[in-house]
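Welcome, and thanks for taking a look at this one with us. Please have the structure open while you read the briefing.

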Amino acid sequence: MSETQIPEEAPVKVAAKLKPVIDVRDVVHSFKGRRALDHVSFQVGAQSLHGFVGPNGAGKTTSLRIICTLLRPQIGSVKVFGHDVVYDTREVRRRIGFMPDHFSTYRQMTVFEYIDFFAAAYGLALKQRTQTIDDVLALTDMSARRNDLIGGLSRGMQQRVSLARVLVNDPQVLLLDEPASGLDPRARIELMEILKALKGMGKTIFISSHILSELAELCDAVTIIDRGKIKYSGSMHDLLTKTGQHPTYRLTLDDTAADVTSQLEQLPGIIQIEALTGRPEYRVTFDDTVTTTNALLRQFLEWDLPILGFAADRRHLNEAFMDLTERGVK
Amino acid sequence: MLHGVATLMARSLRMEANWLRAHLFRLVFVFFIYFMMLLAQVSSLTKGAPGLDFFTQMLWLNGMFITLGGISFFATAITEEKEESTIGLLMMAGISPVGLLLGKSTSRMIQAVLLLAVQFPFTLLAITLGGVMLNQVLAAYASLLAYIIMLANVALLASVVSQRSGTAMALTVLFLIAYSFLPAIGPAITSVLVSEGMLSGQGTEWLAQGLTWLSESSVWSVLFYRIPNSQFSDAIIGPQVISNLVAAVFCFLLSWLLFTSFALVEDAPTVSRGLLFRRSGKVRWLSASRAWSNPFLWKEYYFLAGGDGLLFLKFVLYGALLPILLGFHVWLQKYNNSSYSDPYADTPQLHLGIMIAAVIIEASIYASRVFHDEIRGQTMVSLLTLPRSIAEISYSKVVGCALGLVPALVWIMIDIVAFLPKGISTLGEILVNPQFWVMSLVGLVFLHLVVLLSLFVKWGALPLAFLCTMMSFQCCPLLAVGFMFAGETDELARAIVIGILWVMHAVSGFVFQMMIHARLYELGSK
């Protein structure tokens with residue numbers, strides 16, 4: 001056996017044990033009679049990078065705008081660090097940094113003037129501001145462009161300036177609405193690197209995005225929303241590994257191996273064996289009350305199968321997203 | 001080509017039909033027509049033939065509506081496509097430049113002409129009411145029609161050569177100022193030039209002919225002096241109609257000629273900072289300082305009012321106006337050989353008047369632009385997530401703009417205190433005069449209205465607010481009535497009237513503030 005992966009406890013579960021930073025409960029919000037959010041509830045754990053995905057018009061931006069106090073929920077409650085977004089607006093605003101889905105910048109200002117403006121608006125003293133601006137510009141790699149006019153910057157750079165603006169008050173929670181939209185691949189990758197660095201600094205990041213592959217890689221938790229209803233909210237690991245009520249693993253054998261489908265079906269507790277086309281690879285679904293992964297693995301080793309991998313079958317986030325948003329929760 | 005024109009026109013008319021604002025505009029217009037009819041009815045009780053008054057009021061109403069509404073309506077025909085970067089797409093769809101010009105401008109022109117058409121039967125009532133003949137009504141509508149066509153095409157030309165709607169509107173306004181005022185001030189300038197020997201006999205003749213032609217081409221002189229005259233017997237299609245139509249055709253052809261050179265040029269994203277330099281540049285003293293502890297105030301001071309550099313420049317220019325006016329006054333006195341006026345006493349008064357006008361104009365411009373950047377840059381969302389209230393942000397921005405008024409205000413103080421006889425006591429009298437505060441409140445309410453409208457319309461908030469204010473004065477002449485009673489000798493009656501005016505304007509201002517607050521919140525949460 002060259003590489004055998006044993007599933008580990010998802011890191012988000014550790015975070016989830018902490019008090020939730022964002023607590024959305026039973027929120028309903030309508031626009032001109034059209035229900036944008038329909039009894040939406042989810043939580044975002046501390047220091048997690050939580051993805052928020054859904055089709056266009058699903059209610060992502062409305063949810064984000066309610067969390068960042070720009071909209072008042074018509075029914076339900078939203079709390080950030082225990083502060084209600086309706087009654088403790090200022091306290092919430094002090095703790096969050098919201099980046100909308102469009103550039104919200106003053107084109108005629110230089111990068112430095114823009115960040116300085118927002119730093120002052122957050123009440124930072126002049127001396128503190130200088131250091132803070134240096135730090136956020138360094139973090140977003142914009143130090144060299146500090147005296148450039150924002151209107152003359154590329155989209156990627158303007159997005160970084162927006163991110164620097166969001167960071168200027170050192171918020172504990174970042175709410176990012178489609179931060180990578182319209183960016184070229186390089187700018188996107190760089191942005192994701194910055195987000196990873198921010199997560200490393202202990203920030204809680206709630207990010208809405210359409211780029212599912214990047215979210216799957218970055219996020220440790222995800223909420224999927226469709227037509228105003230939450231379809232899934234929880235650990236990314238769980239979403240990608242649990243395809244049904246029984247665990248499914250993927251067994252990958254060396255190219256030289258013969259077909260072992262019938263052999264595998266003989267094993268106790270096996271519910272379904274699906275041979276994947278074109279290679280000696282099988283999707284093994286079993287009843288975990290009858291057998292275990294260790295027992296299965298021991299059996300494979302006994303049979304002397306040329307195992308290349310035996311790991312929990314991870315779906316792509318795209319698949320999970322399509323399943324949940326098209327057919328509903330399984 | 002016809003297919004493209006028809007498509008564009010149909011789209012434009014369909015959009016306009018779904019546009020609530022356009023219907024409201026018409027509704028307001030119709031309301032004014034009914035109101036004027038009501039006034040005519042009332043005046044018929046005391047007057048023999050109120051038709052002429054009604055007719056004159058209708059002409060005023062049309063002139064103002066067409067001019068103020070038309071500036072933003074016609075001048076954005078092509079620039080709105082440029083701003084949306086859709087001109088290239090329309091051309092790719094097979095629409096030729098002339099098709100685009102016709103499709104974009106004709107539909108708007110039709111809408112404006114329809115407004116004239118629907119009111120025509122009402123205006124004919126003026127004949128029934130007495131004092132007006134049919135040929136006067138027909139001549140007035142022919143004149144207005146020609147004016148609309150000319151304005152639409154002049155604005156179309158401005159729209160073709162400008163990259164932004166604001167520039168197109170500014171060019172149209174400049175044209176209208178020249179068109180409206182040159183015929184009025186032209187003869188005076190000519191006579192001065194002739195008396196100074198600056199014009200030869202031939203030159204004078206040409207200039208006089210040009211000015212006569214300009215005067216005959218002016219819709220204002222035709223509408224307000226010639227047509228309402230009871231001796232009117234001119235042709236319905238007069239020189240103004242012909243010259244306006246010729247100007248319209250000329251502007252359309254010029255727009256067509258210049259379309260490829262101007263309208264298809266990609267607008268490079270330029271950012272203008274006026275006199276505000278960057279801190280990295282050589283002229284650091286003209287750059288913005290570090291953000292103040294109230295950054296909203298700082299932002300408006302530097303990025304809207306222009307900062308130290310522009311304030312200094314304005315102060316110098318406003319100051320320089322004083323010796324220039326004095327010199328002009330002395331020269332005029334010499335030319336008139338008059339001893340009735342004293343240039344040294346009159347000039348500061350004239351300067352004071354100009355400075356007061358400067359304050360009003362500057363304040364109005366600031367009011368129309370104070371939230372303009374926020375809307376254009378979609379930055380309200382960032383401001384509203386700050387731990388500051390909307391009121392705090394708004395008032396700070398207003399104070400920042402008000403700093404831009406300092407040069408003109410300083411010169412007002414200098415004029416009053418240093419140059420006017422008994423300046424300080426006059427100032428004291430003005431400040432304790434309740435009517436001064438009523439007028440200040442009127443000004444403040446007007447500025448609130450400008451701010452409010454600027455949150456709804458992309459361009460033209462200032463003329464629209466002016467129009468609304470004028471109309472409200474016309475329809476609800478409480479202010480005029482109030483001032484009439486304020487002149488009474490009975491102190492109690494005077495105090496009551498002034499008090500009512502104060503309360504009325506304070507309530508209006510408060511309601512506007514609430515509406516501004518709600519709209520800002522709405523813009524931020526959109």
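Here is a short tour of how two domains of one chain meet. Keep in mind that this is a predicted model. Chain B is assigned domain 1 (1-270), domain 2 (284-418) and domain 3 (432-526), and the pair to look at here is domain 1 of chain B with domain 3 of chain B, whose C-alpha centres are 29 Å apart.

**Extent of the interface**
- On the domain 1 side of chain B, 15 residues make contact with 11 residues of domain 3 of chain B.
- Together, domain 1 and domain 3 of chain B bury about 1200 Å², and carbon and sulfur atoms account for 78% of that area.
- Within domain 1 of chain B, the residues that lose the most area to domain 3 of chain B are Phe32(B), Met64(B) and Leu68(B), with a combined 34% of what that side buries.

**Polar and charged pairing**
- If you go hunting for salt bridges between domain 1 and domain 3 of chain B, the rule finds 0.
- Polar contacts between domain 1 and domain 3 of chain B also come to 0 residue pairs, counting pairs with both residues at pLDDT 80 or more.

**Make-up of the domain 1 side**
- At least two residues each of the domain 1 side that touches domain 3 of chain B come from α2 (20-44), α3 (51-75) and α8 (165-195) of chain B.
- α3(B) provides the largest share of that side, with 6 residues.
- Sorted by class, the side of domain 1 of chain B facing this contact with domain 3 of chain B holds 8 nonpolar, 5 polar and 2 charged residues.

Note on methods:
Residues numbered from 1 in each chain as written. Chains lettered and ligands numbered in written order. Predicted model: local features only at pLDDT ≥ 70, side-chain atom pairs only at ≥ 80, totals over all residues. Heavy atoms only, no water. Domains from an automatic or database assignment. Contact = heavy atoms within 4.5 Å. Buried area = accessible area lost by both parts, 1.4 Å probe. Salt bridge = Lys/Arg side-chain N within 4 Å of Asp/Glu carboxyl O. Polar contact = N/O pair within 3.5 Å; in protein donor to acceptor, adjacent residues only side chain to side chain. Helix = DSSP H or I, 4+ residues; strand = E, 2+ residues; numbered from the N terminus. Nonpolar A, V, L, I, M, F, W, Y, C, P; charged D, E, K, R; others polar.
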